[in-house]
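Reader: I have a model on my screen and some labels I want justified. Can we go through them one at a time?

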Amino acid sequence: MNYWLVKQEPSKYSWEQFVQDKETYWDGVRNYQARNNLKIMQKGDHVLFYHSVVGKEVVGVAKVTKEAYPDPSTDDDRWVVVDLKPVVAMKNTVTLEDIKSHPALQSIALVKQSRLSVSPLTKKEIKIILDMGNTKIKGV
DNA sequence: GCCAACGTTGGC
DNA sequence: GCCAACGTTGGC
């Protein structure tokens, strides 16, 4: 079981929209490193949903419901998507500032590599973020 | 809105 | 294969 963090600008696709949709395929990834992360996601993996640019905070938790398959939004076969569905909204959102101020979260990609849109988290890291958000999910 | 950081492209 | 030029992302 792995843990991830995905980023999206709420003006493009917000958590609220995601919840309304009930399920979505995570398309538009055009970066090899992010793509490679998508490819190793497994069904049932938990994924934090982060709002970039506007808000700059972790807003909810999603779950992988379908592993990587070719991106239906392009003919280019280099790119893949996964299916995600919302699990729970964060009770308290966790801002970038909160994350940056926590000593154990200094090395996560969100901080060090702010442009990477799909990045891995360790169990310890996701636990800290969930704790800060006063949110609990099964198995973490 | 600016700009630094990063990835990609293309000329050589 | 190097590297300058360019485009994009995202924090500020």
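Author: Start with Ser52, which sits in the loop between β3 (46–51) and β4 (57–70). Keep in mind that this is a predicted model.

Reader: Why is Ser52 called buried?

Author: Its relative accessible area is 16%. Buried means under 20%. The value for Ser52 falls under that cut-off, so Ser52 counts as buried.

Reader: Which residues does Ser52 touch, leaving out those up to four places away in sequence?

Author: Gln8, Glu9 and Pro10. Contact here means heavy atoms within 4.5 Å.

Reader: Now the DNA. Which residues surround DNA strand C?

Author: Lys7, Glu9, Tyr50, Val53, Lys56, Leu96, Lys100, Ser114 and Arg115. Each has a heavy atom within 4 Å of the strand. By class, that surface has three nonpolar, one polar and five charged residues.

Reader: What makes the Lys7 pair with DNA strand C a polar contact?

Author: An N or O atom in the Lys7 side chain is 3.1 Å from a phosphate oxygen of DNA strand C. The cut-off is 3.5 Å for a pair of N or O atoms. The Lys7 pair is within it, so it is a polar contact.

Reader: Which atoms of Val53 and Lys100 approach phosphate oxygens of DNA strand C?

Author: For Val53, a backbone N or O atom, at 3.1 Å. For Lys100, a polar side-chain atom, at 2.9 Å. Both distances are within 3.5 Å, so both pairs qualify as polar contacts.

Reader: What share of the DNA strand C atoms within 4 Å of the protein belongs to sugar or phosphate?

Author: 81%, and the rest belong to bases.

Reader: Which residues are around DNA strand B?

Author: Asn31, Tyr32, Gln113 and Arg115. Sugar and phosphate make up 42% of the atoms of DNA strand B that come within 4 Å of the protein. By class, the surface near this strand has one nonpolar, two polar and one charged residues.

Reader: What part of DNA strand B does the Arg115 side chain meet?

Author: A base oxygen, 2.3 Å from an N or O atom of that side chain. The limit is 3.5 Å, so the Arg115 pair is a polar contact.

Reader: How much space lies in the largest pocket, and which lining residues are closest to its centre?

Author: About 290 Å³. Of the 15 lining residues, Lys7, Gln8, Gly28, Arg115 and Ser117 are closest to the centre. By class, the lining has three nonpolar, six polar and six charged residues.

Definitions and conventions:
Residues numbered from 1 in each chain as written. Chains lettered and ligands numbered in written order. Predicted model: local features only at pLDDT ≥ 70, side-chain atom pairs only at ≥ 80, totals over all residues. Heavy atoms only, no water. Polar contact = N/O pair within 3.5 Å; in protein donor to acceptor, adjacent residues only side chain to side chain. Nonpolar A, V, L, I, M, F, W, Y, C, P; charged D, E, K, R; others polar. Helix = DSSP H or I, 4+ residues; strand = E, 2+ residues; numbered from the N terminus. Buried < 20%, exposed > 50% of the residue type's maximum accessible area, 1.4 Å probe, protein only. 1 Å grid on protein atoms, 1.4 Å probe; cavity = no way out; pocket = protein on both sides within 12 Å on 5 of 7 lines; lining within 4 Å. Points joined across faces, edges and corners; volume = space filled by probe spheres on them.
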